[in-house]
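Visitor: Please walk me through this model and justify the labels as you go.

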Amino acid sequence: MGCYDCCIRCFGVVPYPSLVATLLCFAGMALFCGCGHEALAQTEVLVETYFARNIQDYAVMASFIKYFQYVIYGLASFFFLYGILLLAEGFYTTSAIKQTFGEFRSTKCARCLSLTFIIMTYVLAVIWLAVFAFTAIPVFFFFNMAQTCHNINILAESSPSINQHGWICSDARQYGLLPWNAMPGKACGMTLASICKTSEFYVTYDLYIAAFAGAGVVLLALFLYVAATTYNYAVLRFLGRKGLRC
């Protein structure tokens, strides 16, 4: 067998759907974890500076951010290892399907392992769908703030004093970031206008959008994993019923 034939045979057993899903999973998880971690830190600074005067008002939120940042570290490690396992399982099942000669066979244990990965990946996809929806909350909050800032800028151009528009506010308590008894809990007029002019606000907004997009990429990767593992398991089960060497 020549070098060309060996290369063709090696490329023939590459599980391309699992490989694409792994690359998407790694890229999406890096985007979600990196941008999400930094966005949470910036959010704590913004809330502490503009929306809360007493440290007890945002103590719960600060603790949540701290613990969730540790969760992000765990998620990154878990999905890295799980992606490697799924890719290895894809190489195994693809080789089992396309192998024609030799001692290599697909066993009942291998098919049971593939079925386990299918169930686990499906459960992870459902859980991650909830995470994907949860990451939309800060994006929605900052989108509303950006729209409010845009309205203030328009009114400020037609009015000599921004104080006349003190009724235009953005309330962090409505989104559960602060308790209802937090003071001031909202930013209005000049305070909100000063937030709108800071680069930290728009950087945090962009970071949340990137984290939201990363969560969506991970969700797409999990769906690809489910499709690829289900197909490989179905083919292995069919070959097993036919009594064919895999």
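Guide: The model is predicted. Its largest pocket is lined by 26 residues, and those nearest the pocket centre are Leu40, Phe64, Phe134, Pro138 and Leu177. The volume of this pocket is about 510 Å³.

Visitor: Which helices each supply at least two residues of the lining of the largest pocket?

Guide: Four are listed: α2 (16–51), α3 (59–98), α5 (136–158) and α7 (199–242). The largest share, six residues, comes from α3.

Visitor: What makes a space a cavity, and how many cavities of 30 Å³ or more are there?

Guide: A cavity is a set of points where a 1.4 Å probe fits but cannot get out, whereas a pocket is an open set. The count comes to one cavity of 30 Å³ or more. In the largest cavity there is about 30 Å³ of space.

Visitor: Which residues line the largest cavity?

Guide: Its lining consists of Thr43, Leu46, Val47, Phe51, Phe141, Phe142 and Met145. Both α2 and α5 supply at least two of the lining residues, and the largest share, four residues, is from α2.

Visitor: Why is Tyr208 called buried?

Guide: Tyr208 has a relative accessible area of 8%, and buried means under 20%, so Tyr208 is buried. This residue sits in helix α7.

Visitor: What is Tyr208 in contact with, leaving aside neighbours within four places in sequence?

Guide: Tyr208 is in contact with Ala39, Leu40, Thr43, Pro138, Val139 and Phe142. Contact means heavy atoms within 4.5 Å. Among these partners, Ala39 is 169 residues from Tyr208 in sequence, yet the C-alpha atoms of the two are 6.1 Å apart in space.

Visitor: Why does Thr135 count as buried?

Guide: The relative accessibility of Thr135 is 10%, which falls under the 20% limit, so Thr135 is buried. Thr135 lies in the loop between α4 and α5. Apart from neighbours within four places in sequence, Thr135 is in contact with Phe32, Phe212 and Ala215.

Visitor: Why is Asn151 called partly exposed?

Guide: Asn151 has 40% relative accessibility; partly exposed is the range between under 20% and over 50%, so the label follows. Asn151 belongs to helix α5. From Asn151 to Ile168 is 17 residues in sequence and 8.7 Å in space, C-alpha to C-alpha.

Visitor: What makes Tyr122 exposed?

Guide: The relative accessible area of Tyr122 is 52%, and exposed means over 50%, so Tyr122 is exposed. Tyr122 is found in helix α4 (residues 108–134).

Visitor: Which residues form the nonpolar patch on the surface with Tyr122?

Guide: The other members are Leu115, Ile119, Val123, Val126 and Ile127. Together with Tyr122 they have about 550 Å² of accessible area. A patch needs residues with over 30% relative accessible area, and nonpolar side chains are joined within 5 Å. Tyr122, at 52%, is over that 30% cut-off.

Visitor: How many helices and strands are in the chain, and what is their order?

Guide: The chain has seven helices and two strands. From the N terminus on, the order is α-α-α-α-α-β-β-α-α.

Visitor: What values describe the whole chain?

Guide: Of the 246 residues, 41% are buried. The accessible surface comes to about 13,800 Å², and 69% of that belongs to carbon and sulfur atoms. Among contacts with a separation of 6 or more, residues 24 or more positions apart account for 80%.

Methods. Residues are numbered from 1 along each chain as its sequence is written. This is a predicted model: local features need pLDDT of at least 70, side-chain atom pairs count only at pLDDT 80 or more; totals for chains, interfaces and linings use all residues. Side-chain values use heavy atoms; hydrogens and water are left out. Patches are made of residues with over 30% relative accessible area and no salt bridge: like charges are joined within 9 Å, nonpolar side chains (Val, Leu, Ile, Met, Phe, Trp, Tyr) within 5 Å. Accessible areas come from the Shrake-Rupley method with a 1.4 Å probe; for residues, only the protein chains shown count as cover. A salt bridge is a side-chain nitrogen of Lys or Arg within 4 Å of a carboxyl oxygen of Asp or Glu. Buried means under 20% relative accessible area, exposed over 50%, partly exposed in between (1.4 Å probe, protein chains only). On a 1 Å grid over the protein atoms alone, a cavity is a set of points where a 1.4 Å probe fits but cannot get out, and a pocket is an open set with protein on both sides within 12 Å along at least five of seven lines; lining residues have an atom within 4 Å of a point. Grid points are joined across faces, edges and corners, and a volume is the space filled by probe spheres set on the points.
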